[in-house]
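Reader: I've just opened this one and I'm not sure how to read it. Could you walk me through it?

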Number of protein chains: 2
Amino acid sequence: MPLSATRSPAEPAVLSEGARRIVCAAAPLFAAKGFSGVSITDIAAAVGGSKANIFHHFPNKKALYIEAIRFVCQSLRSRLEPVADADRAGGNPLVMLAGRRLQQMFDEPDAVRLILREVFVGEKGIDRSLVAEILQQNFGQFVGELRDEQRAGRVRRDIDPALVAITILALNNFFFRTWKILARFEEFAGYDTPQACAAAALETLSKGLTNV
Amino acid sequence: MPLSATRSPAEPAVLSEGARRIVCAAAPLFAAKGFSGVSITDIAAAVGGSKANIFHHFPNKKALYIEAIRFVCQSLRSRLEPVADADRAGGNPLVMLAGRRLQQMFDEPDAVRLILREVFVGEKGIDRSLVAEILQQNFGQFVGELRDEQRAGRVRRDIDPALVAITILALNNFFFRTWKILARFEEFAGYDTPQACAAAALETLSKGLTNV
DNA sequence: GTCTATATATTGATAGAC
DNA sequence: GTCTATCAATATATAGAC
């Protein structure tokens, strides 16, 4: 049993090569079908190994699931570097900041889906502090970026940046997960991509959110 | 087999008393844990009956799941009557329209959760047209209400009401599903309830969305 | 570390009495 | 309509060879 279930959520796991291959194969499966929707047989088939070997690396299925979440959290966290000042000039700052995050979601859809599954649903007995931590970090950094824009005068100073952040995260989440359905609605016939539609929504919202 | 899987999604089901009790017991379970997270044994225990009796009323587990979705869709649809003109006067129209919908979500959390699970995740082999229909109806009606507000001069006429609708639905969904996590963030220490926070967010957005 | 083979519990679903 | 008893399949997990 190389993994401790009581380790801090943030602490990076030390996975052997074999364990890492299993986690990488399991993560997209769990992301697509959830904990109880994926069997050890499915994972063994995906990784090209045996069921017994999975139980050699992980004490049970839940431990593997938790490790998969830890793995994608770590992966996403590394992508959350702040935007360089040089990239912030020109255009609508909200469209830029939000668009960057939406693009990250589409860049790693499996990781995002697995984490969102925990945030929105919550699987049986999984500690939510694990996903709450990455959400909080993501959110706090986003609020900080918005405060920077307020100081720079590109976003109105008389509004709560947390409310703007939550609006943008909610919109991005909605577009990421429902665009296939939304695209069939006549009301969105004029928008080709979720990115374009999200940008249009933010431009609309900005009429009251930004100076200049 | 009293149920046809090929019946139109909108057509109301004619459920016997026993079948209705099973569906009512199954719906919150499916809402909380998904299709594969709930066993027939779980449902039998919840309804206080036997497994065999479930298979007497429904040909298989999937048919029961579909019927549960149909049931909650029907339940939610009946709550979607348009707002009377008399109730629309005074206050921020966006806060009023959005708050009414958010309250509906908290009033029937199991139904909402089950439908959102279909919208956001999609269970194995379930026809999405069933949930897409209620989502489209909900969305279309909301856009219509926003157009009414535009005509009445309470909402800016130069913006696409669909973008406002999607923003509000995204915000409501986010608050409904993540408030327990958000409430722990320091950025939201000033808001006691998701309703209050949603209202504050809309007041902020309104500074550019509404006239007056 | 990886495997085959196996143990054991739980799954969805059926048979047939009442 | 509801039940007990049972089925076959699949689930998680283990034993032990290599």
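Author: Sure, and let's begin with a term: a polar contact is a pair of N or O atoms within 3.5 Å; within protein, one must be able to donate a hydrogen and the other to accept it, and residues adjacent in sequence count only if both atoms are side-chain atoms. Some housekeeping too: this is a predicted model, where local features need pLDDT of at least 70 and side-chain atom pairs count only at pLDDT 80 or more, while totals for chains, interfaces and linings use all residues. Residues are numbered from 1 along each chain as its sequence is written, chains are lettered from A and ligands numbered from 1 in the order in which they are written, and side-chain values use heavy atoms, with hydrogens and water left out.

Reader: Which phosphate contact does Ser50(A) make with DNA strand C?

Author: A backbone N or O atom of Ser50(A) sits 2.8 Å from a phosphate oxygen of the strand. Ile40(B) also uses a backbone N or O atom, 2.8 Å from a phosphate oxygen. With Ser39(B), a polar side-chain atom lies 3.4 Å from a phosphate oxygen.

Reader: How many residues surround DNA strand C?

Author: Here, near means that a heavy atom of the residue lies within 4 Å of the strand. There are 17 such residues, and the closest are Ser50(A), Ala52(A), His57(A), Ile40(B) and Lys61(B). Sugar and phosphate make up 55% of the strand's atoms that come within 4 Å of the protein.

Reader: Which helix gives the largest share of that surface?

Author: Helices are DSSP runs (H or I, at least four residues), numbered from the N terminus. The largest share, 4 residues, comes from α3(A).

Reader: How are chains A and B related?

Author: In general, two copies of a chain are related by a rotation about an axis and a shift along it. The copies are superposed by least squares on the C-alpha atoms of residues with pLDDT of at least 70 in both. Here, chain B can be laid on chain A with an RMSD of 0.2 Å by a turn of 179 degrees and a shift of 0.0 Å along the axis. That is the relation of a two-fold axis.

Reader: Is α6(B) enclosed or open, and why?

Author: Buried means under 20% relative accessible area, exposed over 50%, partly exposed in between (1.4 Å probe, protein chains only). In α6(B), 9 of the 12 residues are buried, so the helix is largely enclosed by the rest of the structure. Among them are Leu114(B), Ile115(B) and Phe120(B). After this helix comes Gly122(B), with a positive phi near 85 degrees.

Key. Helix = DSSP H or I, 4+ residues; strand = E, 2+ residues; numbered from the N terminus.
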